[in-house]
Amino acid sequence: SGEALAQLTAERANPKTDVWFGGTGDPHLQAAEQGLTEVYQSSALPKLHDWARRMAAAAEHKSVAVYLGPLGLAYNPEVLARKKLPAPRCWKDLAKPEYKGEVQNSNPNSSGTAYTALTTFVELWGEEPAFQFMKAMHPNVSEYTRSGAGPVKNAARGETAIAIGFLALAAGEIRLGLPLKTVVPCEGTGYEIGAMSLVKGARNADAAKRFYEWSLTPASQALAAQSGSYTIPSNVDTPLHPLMPPAAEMKFVQHDLKKFGSKTERTRLIARWERDVLQGAGK
């Protein structure tokens with residue numbers, strides 16, 4: 001998601017993209033703030049869930065939500081059993097010394113997943129305790145991957161014991177028969193709102209709008225689960241796949257879309273993460 005935003009920023013004078021589809025909502029909000037995307041209100045807006053309409057309102061209708069994906073933990077029970085380690089149940093378990101080198105997260109400079117995790121910790125505990133936790137967890141992190149999907153895929157293949165990532169992605173790995181289990185952390189969790197935006201100055205604007213409208217229909221959104229993406233669709237009439245996480249049963253943070261979707265706040269938090277968390281060990 002971070003790389004997509006960087007590309008749109010670099011190409012703003014001569015866009016090569018018509019529609020930005022998917023990825024975490026915060027960079028879409030930053031694109032809206034920077035004037036990289038167009039105002040557009042879909043005829044499907046009244047048929048979307050409240051959280052999807054809130055996303056559109058926060059972006060001043062320069063973006064809209066297409067799915068919701070809860071954040072959580074995925075672990076490989078075979079790796080944990082081999083190393084005689086317990087399964088994690090809470091975020092704060094990841095800072096325990098017995099998990100040294102057994103955790104993977106992604107890098108918020110390039111990954112919307114990692115930025116979602118960072119803001120989740122801030123919203124759960126406040127900024128200072130959140131950074132204390134991330135510093136305590138840092139020795140346990142073997143790698144901060146470039147992509148948010150990396151840790152979950154690595155855990156599924158036994159390359160790490162525990163991953164921070166989106167539960168919908170983990171569900172796809174489980175369906176492939178890979179040894180993976182998921183946890184909604186005991187403290188509560190954050191989520192991504194996967195978004196879609198029309199690029200300002202797009203060469204194929206009419207076609208882009210047709211794609212935008214189609215992407216918000218139940219017929220289109222049902223294709224996500226068929227292709228292994230087990231997120232929660234934004235259209236209320238789209239049927240839920242059994243592997244989609246039961247959002248109604250989860251305890252979510254109260255995500256401040258405007259605050260954490262602003263370029264200023266994202267830049268500040270990531271800079272602090274680099275300075276306070278990353279630089280010490282050079283990961």
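Two rings of Phe, Tyr or Trp (its six-membered ring) are taken as a pair if their centres lie within 6.5 Å. On that basis, Trp 91, Phe 121, Trp 125 and Phe 133 form one aromatic cluster in this predicted model. By the same rule, the count of aromatic pairs comes to 9.

Two of these pairs invite a closer look. Within the cluster, the ring centres of Phe 121 and Trp 125 are 5.7 Å apart and the ring planes meet at 10°. Planes under 30 degrees apart count as stacked, so the pair of Phe 121 and Trp 125 belongs to that class. Both residues sit in helix 5 (residues 112–125), and because they are 4 residues apart there, about one helical turn separates them. Phe 121 has a relative accessible area of 1% and is therefore buried.

Helix 9 (residues 205–215) supplies another pair, Phe 211 and Trp 214. These two residues are 3 residues apart, again about one turn of the helix. Their ring centres lie 5.9 Å apart with the planes at 50°, so this pair is tilted. Phe 211 is partly exposed, at 32% relative accessibility, and Trp 214 is likewise partly exposed, with a relative accessible area of 41%.

Turning to helix packing, helix 6 (residues 127–137) meets helix 12 (residues 263–278) at an angle of about 45°, and their axes are 10 Å apart. An angle of this kind falls outside the ranges for roughly parallel, perpendicular or antiparallel packing, and the two helices are therefore oblique to each other. Their crossing is right-handed. From helix 6, the contact draws on Glu 127, Glu 128, Phe 131, Met 134 and Lys 135. Helix 12 contributes Arg 268, Leu 269, Arg 272, Trp 273, Asp 276 and Val 277. Sorted by character, the residues of this contact comprise 6 charged and 5 nonpolar, with no polar ones.

A final site of interest is Thr 24, found in the loop that runs between strand 1 (19–21) and helix 2 (25–33). Is this loop residue buried or exposed? With a relative accessible area of 3%, Thr 24 is buried, since the cut-off for that class is under 20%. Leaving aside residues up to four places away in sequence, Thr 24 touches Ser 1, Gly 112, Thr 113, Thr 116, Phe 166, Glu 192 and Ile 193.

Note on methods:
Residues numbered from 1 in each chain as written. Predicted model: local features only at pLDDT ≥ 70, side-chain atom pairs only at ≥ 80, totals over all residues. Heavy atoms only, no water. Axes fitted to C-alpha atoms, helices over the stretch in contact; angles between N-to-C directions. Parallel < 35°, antiparallel > 145°, perpendicular 65-115°, else oblique. Left-handed = near helix turned anticlockwise from the far one by under 90°. Contact = heavy atoms within 4.5 Å. Nonpolar A, V, L, I, M, F, W, Y, C, P; charged D, E, K, R; others polar. Phe/Tyr/Trp six-rings, centres within 6.5 Å; stacked < 30°, edge-to-face > 60°. Buried < 20%, exposed > 50% of the residue type's maximum accessible area, 1.4 Å probe, protein only.
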